[in-house]
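Colleague: Could you take a close look at one part of this model for me? I'd like to hear about the salt bridges, and how far to trust what we see.

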Amino acid sequence: MAPITRKSILLLFSITALLAISNFGSAHGKGKLRTYKPCKELVLYFHDIIYNGKNAANATSAIVAAPEGAILTILAGQFHFGNIAVFDDPITLDNNLHSKPVGRAQGLYFYDTKNTYTAWLGFTFSLNSTDYEGTINFIGADPLMRKVRDISVVGGTGDFFMHRGIATIMTDSYEGDVYFRLRVDIKFYDCW
């Protein structure tokens with residue numbers, strides 16, 4: 001076996017560096033970052049009507065834990081910090097609450113910041129329409145004071161089996177603390 005010399009180490013290092021540079025250039029479009037194109041896109045709306053003690057027939061969400069003496073019909077002061085709500089909201093293809101639902105948004109959100117309106121979301125879109133059938137799972141922080149914010153799409157079932165991507169959320173409408181509508185632009189980057 002030939003002895004390892006400084007010249008052979010330098011040659012090996014040079015070849016490795018050239019391979020790394022050539023792979024980087026081809027993967028990222030000759031030095032530029034690769035832009036990703038979604039494999040599937042959807043725009044859906046969900047409508048949340050929080051129970052306030054008087055609207056049981058129409059409510060689609062309810063406070064299940066509250067920091068101030070368990071008053072479950074009034075959101076806590078100071079940015080609602082500590083409130084936890086569960087929801088079962090209708091999903092529509094447009095921004096009309098009275099449009100035919102194509103599924104349900106089901107999950108929870110809790111207000112987790114003392115000095116601004118911020119919530120953490122964990123929910124599923126259960127879709128059952130002629131166009132789509134299955135679930136899409138979401139998780140992430142929701143800084144409510146931003147007009148546009150992103151949360152992660154972490155999986156799904158049925159037509160969305162193991163899909164992953166980003167959901168851009170926009171508060172489309174709200175009426176005090178009782179009603180809000182979210183527009184959700186979903187871009188899947190990993191479709192099976």
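Modeller: Here is a walk through the salt bridges, with a word on confidence before them.

Keep in mind that this is a predicted model. The chain has a mean pLDDT of 85, with 79% of its residues at 70 or more. Residues 18-29 are another matter: the pLDDT there is below 50, and this stretch makes six contacts in the model beyond near neighbours in sequence. Where pLDDT is low, the predicted coordinates shouldn't be read in detail.

Now to your salt bridges. The count comes to five, and I'll go through some of them, including the one between Arg149 and Asp142. In that pair the closest N and O atoms sit 2.4 Å apart, and both Arg149 and Asp142 are buried.

Next, take Asp172, which forms a salt bridge with Arg181, at 2.6 Å between the closest N and O atoms. Here the two partners fall into separate classes of accessibility. Arg181 has a relative accessible area of 11%, so it's buried. Asp172 comes out at 31%, so it counts as partly exposed.

Then there's Asp185 with Arg183, whose side chains meet in a salt bridge at 2.9 Å, N to O. In this pair the acid is the buried partner: Asp185 has a relative accessible area of 15%, and the cut-off for buried is under 20%. Arg183, at 26% relative accessibility, counts as partly exposed because it lies between the 20% and 50% limits.

Terms used:
Residues numbered from 1 in each chain as written. Predicted model: local features only at pLDDT ≥ 70, side-chain atom pairs only at ≥ 80, totals over all residues. Heavy atoms only, no water. pLDDT = per-residue confidence, 0-100. Contact = heavy atoms within 4.5 Å. Salt bridge = Lys/Arg side-chain N within 4 Å of Asp/Glu carboxyl O. Buried < 20%, exposed > 50% of the residue type's maximum accessible area, 1.4 Å probe, protein only.
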